[in-house]
Amino acid sequence: MKVKIVETTLNPWQEVEDYQQEAIALRGKFGATNIFIGTMRDFNEGDEVTAMTLEHYAGMTEKQLENIIKEAMQQWDVLDVLIVHRVGELLPNQPIVLVAVWTSHRGDAFDASRYIMEALKTKAPFWKKETLVNGSRWVDKNTDGYKKS
Amino acid sequence: MSIKVRYFASLKENLAKSEDIVDSQKNMTVADVWLLANPDKIISENTLAAVNMDYVALTQAVNAGDEVAFFPPVTGG
């Protein structure tokens with residue numbers, strides 16, 4: 001498994017390709033790869049968002065994400081996980097987060113991926129500050145991923 | 001020995017500081033650390049706390065050399 005925090009542009013497709021190339025233990029073993037990519041919108045709470053700053057608690061972020069991956073591995077048959085998360089200055093359309101899960105069968109890939117993403121949203125110490133047309137604001141909480149909007 | 005206290009995001013901005021150093025005392029909890037570092041400010045209900053990068057309750061005991069952090073609800077992903 002691998003957890004990576006990046007300050008420069010995140011190319012999720014390249015990350016998945018590179019990781020899979022290097023993960024020799026996965027060869028011939030995985031039948032499913034579930035890939036989740038979170039991308040920055042240009043709107044939130046009815047307002048236009050022109051940019052965003054992502055702050056994080058270095059060290060605790062990695063520790064919490066590694067714990068989340070271990071929890072997922074205890075619940076599902078997971079072969080490998082890659083999490084890459086952006087920090088710093090972001091613009092709309094730029095990827096924020098990648099969660100890739102490799103398993104033998106698709107059910108475990110879907111379920112473990114969902115678990116990891118929802119846990120990341122509530123436990124990984126990242127904070128978003130949005131730049132609006134008139135000023136800026138901190139995002140005060142994440143929405144419930146299971147609630148229908 | 002002392003305890004390092006760190007603040008993040010909106011809490012860091014509101015307090016206008018990113019860290020404090022407080023002297024450790026016997027039988028100290030996370031809540032005691034906040035009070036020592038911020039005697040004039042009540043900790044807000046939604047503030048989260050961590051000791052050595054693990055989430056804890058405010059009643060958690062703190063030891064010399066620990067790193068204590070306070071921050072608002074997380075909003076990554």
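**Helix, core and sheet in a predicted model**

Biologist: Which elements of chain A do the buried residues of H3(A) pack against?
Modeller: This is a predicted model. The buried residues of H3(A) include A:Ala112, A:Ile116 and A:Leu120. They pack against two strands numbered below E7, one helix, and E7 itself: strand E2 (32-39), strand E5 (78-86), helix H2 (60-75) and E7 of chain A.

Biologist: What span is expected for helix H3 (residues 106-123) of chain A?
Modeller: This helix has 18 residues. From first C-alpha to last, H3 of chain A reaches 25 Å. That is close to the value expected at 1.5 Å a residue, which is 26 Å.

Biologist: Which strand gives the most to the largest nonpolar core?
Modeller: Nonpolar side chains tend to be buried together in soluble globular proteins. Here the largest nonpolar core has 51 residues. A:Val81 is among those with the most contacts inside it, and A:Val81 touches A:Val101 and A:Ile116, among others. With seven residues, the top contributor is strand E7 (residues 95-103) of chain A.

Biologist: Which strands are the edges of the open sheet in chain B?
Modeller: Five strands form this sheet, in the order E2-E1-E7-E4-E5, with mixed pairing. An edge strand pairs on one side only. That leaves the two ends of the order, E2 (19-23) and E5 (54-56) of chain B.

Biologist: Which residue in E5(B) stands opposite B:Ala50?
Modeller: Strand E4 (residues 48-51) of chain B pairs with E5(B) in the antiparallel sense. The two strands share three bridges. Opposite B:Ala50 stands B:Tyr55.

Methods. Residues numbered from 1 in each chain as written. Chains lettered and ligands numbered in written order. Predicted model: local features only at pLDDT ≥ 70, side-chain atom pairs only at ≥ 80, totals over all residues. Pairing = 2+ DSSP bridges. Helix = DSSP H or I, 4+ residues; strand = E, 2+ residues; numbered from the N terminus. Core = buried A, V, L, I, M, F, W, Y, C linked by C-beta atoms within 7 Å. Buried ≥ 20, exposed ≤ 12 C-beta atoms within 10 Å, placed from the backbone. Contact = placed C-beta atoms within 7 Å. Expected span 1.5 Å × (residues − 1). Lists of a residue's contacts leave out its neighbours within four places in sequence.
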